[in-house]
Structures are given as C-alpha cells and as structure tokens.
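Student: I have a model to go through. Can we take the terms one by one and set each against its definition?

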Amino acid sequence: MKDILRGELVRLTAEEPEMLARLESQWSADSEYSRLLDWDPARRFSAKSSQKWIEKHYEKEDNHVFAIRTLDGERVIGEIGLDIIYWTHRDCFVGIGLGEREFWGKGYGTDAMRIILRYAFTELNLERVSLDVFEYNQRGVRSYEKAGFVMEGRKRGLIQREGRRWDVLYMGILREDWLKLERENEKEKP
Amino acid sequence: MSIDTPLFDGKLIRLGPIDHEKDPEIVSRWTHDAGFMRMMYTDPLRPLSAWQVKKKLEELEKSIEENKNIFHFRIHIKSDDRLVGFAELLWISWTNLSGHIRLGIGAPEDLRKGYGRETLGLLLRYAFDELNLYRLSAVIPEYNLPAQSLFKSFGFVEEVRRRQALERDSRRWDLLDFGLLAGEWKEERK
C-alpha cells in the first residue's frame, strides 16, 4: 500500500509539541497570517500557551491535526487538520495554515489539502469535507478549488475587519466528486 | 419600539430564565420525542432522564456565566406559566457582532399555536436592539420545512447549502444556513 500521508511537495506528520509550539508562537507575529486563519482578534501567543493547546489536542484519541513538512528540506511550514468531525453524518471541517509565508502561492497548501482529502475519504471513510474561508483570502479559495472543493454559499458580512464587513465563503467536496477527480487524474498519468 | 417596550413579553408568551427545579422533568419528556429531537439537533438522538437534564442545564448556566456569548431563555405561556420551549442566541463573536439563533417548542401539542413565531420576534428585537448585533445565522436541516418557513417569514435568506451534510433514515440531506442582517430587519419594521 502506498504512503497515503505523502504528496508531491509535502508530507503530513506529528511533531514534538515543544518544537511546534515554538513555531506557532513565531507565526503569530505575522498578523496577516492570523487574520487569514481566524475570525477572533489576532494576538501574540506565547510558546507556553501554544504548547498547552497542542498537548491537549494530541492527547485526544480523535485527533486528526497534522504538521506539514516539505519533502525537499524537511521544513515544518504549517499545519492542517480535520478539527470537527460529525461521525454519525460522516461530515467534517478542515482547517489549514501555512505559517511560513515564503511557501504561500506555490502549491504546498494545495498538496497538503489533497493529502488530507485522501486521508478523509479513504482512511476515515467520510462522505464529505467542508471548509470556510474569508472573502479577502482569494489565494485560499483558488487553492481549495484546485483541490476539488466547490462553492456552497456565503454568509454575508459575517466578519468585520479594517472598518468594513466581509463575507465568509463556504466550500465543500463530496466523496463521489473526489472519487471522480481521482479517476480522471489516474487517466492523465502517463 | 422604545426604551419602555418590554423585551421579554409577547401577547401569548414570556421569556424567562432557567428553572433548575421544575424544568428538568419537562425537558426530559421532550428528549424522548424523536420527532422534536431530530428537527432540533443534528447530534444523534438520545433520551435524557430528568437527572441528566438537570446536570446539562447546570453546565449551560456555568457556560453562560463564563463565556458571556450565550443568551438563553425559557418560553412560558403567559396565561398559565407553563414551560413550552427554549430560545437562545449563541456563539456570539463580539468583535464581529455576529451570532447564531435557535429556538424549539418541545411538545407536539404546542406546535402551530404561534408560540415560536412570537418568540422569534422577541429574540430578534433582543439581538438587534439590545445586543446590537450586526447579523444572525440559523442552521436548519433540509427536512425541517416548518422552521425554514418561520425564519424566512422574518426576512432570513438561505446563504449556504452544505450539500448532503446529514444522514438520516438512510438518505443524505443538505444542511442549510440562513442569515439575517440588522439592516434588513429594521427596514422590514418601518
């Protein structure tokens, strides 16, 4: 069986909480990153508070959050996870963040998303994966579309930043659509 | 509407606080009604004893005190003070002035009497004129047509359709998000 947690640019790993916490604390210095990630106010997190949060997640049996490591250079550049899973309905929400901004817009996030979709559909056997993304994060939207997500609607003016209201966009991908994409990709391979 | 217009009193119903002595037994009966539970919640149906409900209501009260982002009311009939349901504003983001709204009438014999309609009217006034929220969201399953038509009649519009996000009775259903902006609500009342 192939390594389902490995893509073309990155692989998904578990890292030591202490190292990950140090990175998260550094990443929180980038306010744009924080504002792409969360609708709560951007703030600085200490390594200690990040570590507590990470350990709490890692201790849970039902944890599906991974670090994103580049294949070339073995750098930890971000995190991706299925943070909410509705097991009876086999639906979940995925969240992704690339704290190292030099890796934005180069396919690393899309590759990580493709890996976690494969994990969601072939290992967890979910029926759909959902996400939300802020209107001002068009790079995110393009990446999610490339991974196979389609737009399912927008909550009008859900957040306020820089003195104006912004929509939050909702996207989703169904298992059957993902399988279709996979078959097409297989055919295209030489 | 003015400062002396009551926020908690309608013609038929009144909004009150949790009664930790009397409520559990009545709510326990509602949780044994699969029809009510599946219209109201997407979590798996689980009947609760009065003792379990009492614990849950205590947790809810604690969360209200700690988190300051939930406003919870019990719906009582004015004429005989009978408890017929609950209504709440929850998941409020104070920096974004956005929140969720939901309400439920527990017993089948209390449906279609206008209690829900009156409650929703009061709750919207509370959300927009007392909490000064910018917008509200309501999550409603595709199969809950009465709730959809109630919310639409107050100006809520369908914003997101998460395709096939639920599975019940061996088929998949969409999960809908409705939204209402304060401006739309105020315009409606002119």
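Student: What span does H4(A) reach from its first C-alpha to its last, and what is expected?

Tutor: This is a predicted model, in which local features need pLDDT of at least 70, side-chain atom pairs count only at pLDDT 80 or more, and totals for chains, interfaces and linings use all residues. Residues are numbered from 1 along each chain as its sequence is written, with chains lettered from A and ligands numbered from 1 in the order in which they are written. H4(A), a helix (a DSSP run of H or I, at least four residues, numbered from the N terminus), reaches 21 Å with its 15 residues, close to the 21 Å expected at 1.5 Å a residue. The expected span is 1.5 Å times one less than the number of residues.

Student: Why is H4(A) called largely enclosed by the rest of the structure?

Tutor: A residue is buried if 20 or more other C-beta atoms lie within 10 Å of its own, exposed if 12 or fewer, and partly exposed in between, with C-beta atoms placed from the backbone. In H4(A), 12 of the 15 residues are buried, so the helix counts as largely enclosed. Among them are A:Tyr108, A:Asp111 and A:Phe121.

Student: What makes H1(A) and H3(A) oblique to each other?

Tutor: Their axes come within 8 Å and cross at roughly 130 degrees. Angles under 35 degrees count as roughly parallel, over 145 as roughly antiparallel, 65 to 115 as roughly perpendicular and the rest as oblique. H1(A) and H3(A) are therefore oblique. The contact (C-beta atoms, placed from the backbone, within 7 Å) includes A:Leu20 of H1(A) and A:Ile54 of H3(A).

Student: Which residues is A:Ala112 in contact with, leaving aside neighbours within four places in sequence?

Tutor: A:Gly7, A:Val10, A:Leu12, A:Ile68, A:Ile80 and A:Ile96.

Note on methods: Two residues are in contact if their C-beta atoms, placed from the backbone, lie within 7 Å. Helices (H or I, at least four residues) and strands (E, at least two) are DSSP runs, numbered from the N terminus. Axes are lines fitted to C-alpha atoms, for helices over the stretch in contact, and angles run from 0 to 180 degrees between N-to-C directions.
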